[in-house]
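Here is a friendly walk through this protein, with an eye to what a bench biochemist may want to look at. Please keep the viewer open as you read.

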Amino acid sequence: GYNARTDTFEDLTKAGVSDPTKVVRTAIESWQIIEHCQRLLASYKCPKAVDFRSAIPRSPLGKVLRGKL
């Protein structure tokens, strides 16, 4: 995986961020995340959009329900 800076990001998942309170220590906008990724990642790996959610939908087994994201 990709090692994000721990002062900005913590506990990332492929589906999204599992706990926004751990990640957002200062006000951060979606364009800043995209811009950060564009500087460090190949263009096909960069997100096209960033959506902030209070919780990630999970199944009773604890798996991420990606269809509901």
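Over residues 6-15 the pLDDT stays under 50, and for this stretch the model has 21 contacts beyond four places in sequence. Please bear in mind that this is a predicted model. Across the protein the pLDDT averages 74, and 62% of the residues score at least 70.

**The overall picture**

The protein has two helices and zero strands. Of its 69 residues, 17% are buried. Among the contacts with a separation of 6 or more, 33% join residues 24 or more positions apart. The protein exposes about 5,600 Å², and 53% of this area comes from carbon and sulfur atoms.

**Helix α2 and its two faces**

Which residues of helix α2 are buried? In this helix, which covers residues 30-40, they are Ile33, Ile34, His36 and Cys37. These four lie on the same side of α2, because they cover an arc of only 160° around the axis. The face turned away from that buried side carries the exposed residues Trp31, Gln38 and Arg39.

Arg39 also takes part in a salt bridge, where its side chain meets that of Glu35 at 3.7 Å, N to O. Both partners belong to α2 and sit four residues apart, about one turn of the helix. Some helix geometry helps here: an α-helix has 3.6 residues a turn, so residues three or four places apart point the same way. As for accessibility, Glu35 is partly exposed at 38% relative accessible area, while Arg39 counts as exposed at 56%.

**The salt bridges side by side**

How many salt bridges does the structure hold? There are two. The other pair is Asp51 with Arg53, whose closest N and O atoms are 3.0 Å apart. Asp51 is exposed, with a relative accessible area of 54%, and Arg53 is partly exposed, at 35%. The table sets out the two pairs.

| Acidic partner | Basic partner | N to O distance |
|---|---|---|
| Glu35, 38% relative accessible area | Arg39, 56% relative accessible area | 3.7 Å |
| Asp51, 54% relative accessible area | Arg53, 35% relative accessible area | 3.0 Å |

**Two cysteines without a bond**

If you work with thiols, the cysteines may catch your eye. A search of the whole structure finds zero disulfides. Cys37 is in none, and the nearest cysteine sulfur, that of Cys46, lies 5.7 Å away. Why is there no bond between Cys46 and Cys37? The sulfur of Cys46 has its closest cysteine sulfur in Cys37, but at 5.7 Å the two are too far apart for a bond. For reference, a disulfide is a covalent bond between the sulfur atoms of two cysteines, and the cut-off used for calling one is a sulfur pair within 2.5 Å.

Are these two cysteines buried or exposed? Cys37 counts as buried at 14% relative accessibility, and Cys46 is buried too, with a relative accessible area of 10%. Cys37 has its place in helix α2. Leaving out residues up to four places away in sequence, Cys37 touches Cys46 and Pro47. Cys37 and Pro47 are ten residues apart in sequence, and their C-alpha atoms are 7.6 Å apart in space.

**Two lysines after α2**

Next come two lysines. Lys68 lies in the segment after α2 and is exposed, with a relative accessible area of 60%. Which residues does Lys68 contact, leaving aside its neighbours within four places in sequence? They are Arg53 and Pro57. Arg53 is the residue that forms a salt bridge with Asp51. Pro57 is eleven residues from Lys68 in sequence, and the two are 6.8 Å apart in space, C-alpha to C-alpha.

Lys63 is also found in the segment after α2. At 59% relative accessibility, Lys63 counts as exposed. Not counting residues up to four places away in sequence, Lys63 touches Pro57 and Arg58. Pro57 therefore appears in the contacts of Lys63 and in those of Lys68.

Note on methods
Residues numbered from 1 in each chain as written. Predicted model: local features only at pLDDT ≥ 70, side-chain atom pairs only at ≥ 80, totals over all residues. Heavy atoms only, no water. Buried < 20%, exposed > 50% of the residue type's maximum accessible area, 1.4 Å probe, protein only. Contact = heavy atoms within 4.5 Å. Areas by Shrake-Rupley, 256 points an atom, 1.4 Å probe, with all protein chains shown as cover. Arc of directions from axis to C-beta. Salt bridge = Lys/Arg side-chain N within 4 Å of Asp/Glu carboxyl O. pLDDT = per-residue confidence, 0-100.
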